[in-house]
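Reader: Hi! I've got a new model open and would like to talk it through with you. Shall we start with the strands?

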Amino acid sequence: MTVRCPDCGEEIGLLPGATSGDLLDCPNCAGHALRIREEGGQWSATLAYRVSCPDCDAVLTLPEDVKAGDLIDCCGRKYRLTFEYGAYAAEAS
């Protein structure tokens, strides 16, 4: 079983026991996480956006339905998400 990275197009093998909703790193795209889905016996992948916490540098994987302006929590603080140049950033709110 494989999925194609939506960014670089590389075919990536799935680990045994993979389930719909799991995250997978693309070995060719630095820092890209893929969210895999199985529908009707077919596997697909979408980018799972990540953002670094401005205070502790933790890398957070964002939910599928995220949008600019949403708030996220880390380090006991809230951060507002911005989206520019195809990537999210967290800013103190």
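Reader: In what order do the 3 strands of the open sheet come, and is the pairing parallel or antiparallel?

Author: Happy to help! This is a predicted model. The open sheet has the order β3-β4-β5, and its pairing is antiparallel.

Reader: Which are the edge strands?

Author: Those are β3 (23-25) and β5 (42-48), each of which pairs on one side only. On average, neighbouring strands of this sheet are turned by 40° against each other, with direction ignored.

Reader: How many bridges join β3 to β4?

Author: There are 3 bridges between β3 and β4. As for facing residues, Leu-24 has Leu-34 of β4 opposite.

Reader: Staying with β4, what about Arg-35: buried or exposed?

Author: Arg-35, which sits in strand β4 (residues 33-39), is buried.

Reader: Interesting! Which side chain of opposite charge is nearest to Arg-35, and how far away is that?

Author: That would be Glu-64, 4.2 Å away, and Arg-35 has no salt bridge. A salt bridge would need a side-chain nitrogen within 4 Å of a carboxyl oxygen.

Reader: And which backbone oxygen does the side chain of Arg-35 reach?

Author: The one of Leu-62, at 3.1 Å. Beyond four places in sequence, Arg-35 also has contacts that include Asp-22, Ser-44, Thr-61, Pro-63 and Glu-64.

Reader: Let's switch to Val-3. Which strand is Val-3 found in?

Author: Val-3 belongs to strand β1, which covers residues 2-4.

Reader: Why does Val-3 count as buried?

Author: Because its relative accessibility is 1%, and buried means under 20%.

Reader: What does Val-3 touch, leaving aside neighbours within four places in sequence?

Author: Its contacts include Glu-10, Glu-11, Ile-12, Leu-14, Leu-24, Ile-36 and Trp-43. Val-3 and Trp-43 are 40 residues apart in sequence, while their C-alpha atoms are 6.0 Å apart in space. Leu-24 has come up before, as the residue opposite Leu-34.

Reader: Nice. One last topic: over how many bridges do β9 and β10 pair?

Author: They pair over 6 bridges, in the antiparallel sense, with β9 spanning residues 77-84 and β10 spanning residues 87-92. Within that pairing, Thr-82 is opposite Ala-89 of β10.

Reader: How many residues lie between the strands of that hairpin, and which one takes a positive phi?

Author: The hairpin of β9 and β10 has 2 residues between its strands, and Tyr-85 takes the positive phi, near 55°.

Reader: Great, thanks for the tour!

Conventions: Residues are numbered from 1 along each chain as its sequence is written. This is a predicted model: local features need pLDDT of at least 70, side-chain atom pairs count only at pLDDT 80 or more; totals for chains, interfaces and linings use all residues. Side-chain values use heavy atoms; hydrogens and water are left out. Helices (H or I, at least four residues) and strands (E, at least two) are DSSP runs, numbered from the N terminus. Buried means under 20% relative accessible area, exposed over 50%, partly exposed in between (1.4 Å probe, protein chains only). Contact means heavy atoms within 4.5 Å. Lys and Arg count as positive and Asp and Glu as negative; His and the chain ends are not counted. A polar contact is a pair of N or O atoms within 3.5 Å; within protein, one must be able to donate a hydrogen and the other to accept it, and residues adjacent in sequence count only if both atoms are side-chain atoms. Two strands pair if DSSP finds at least two bridges between them. Axes are lines fitted to C-alpha atoms, for helices over the stretch in contact, and angles run from 0 to 180 degrees between N-to-C directions.
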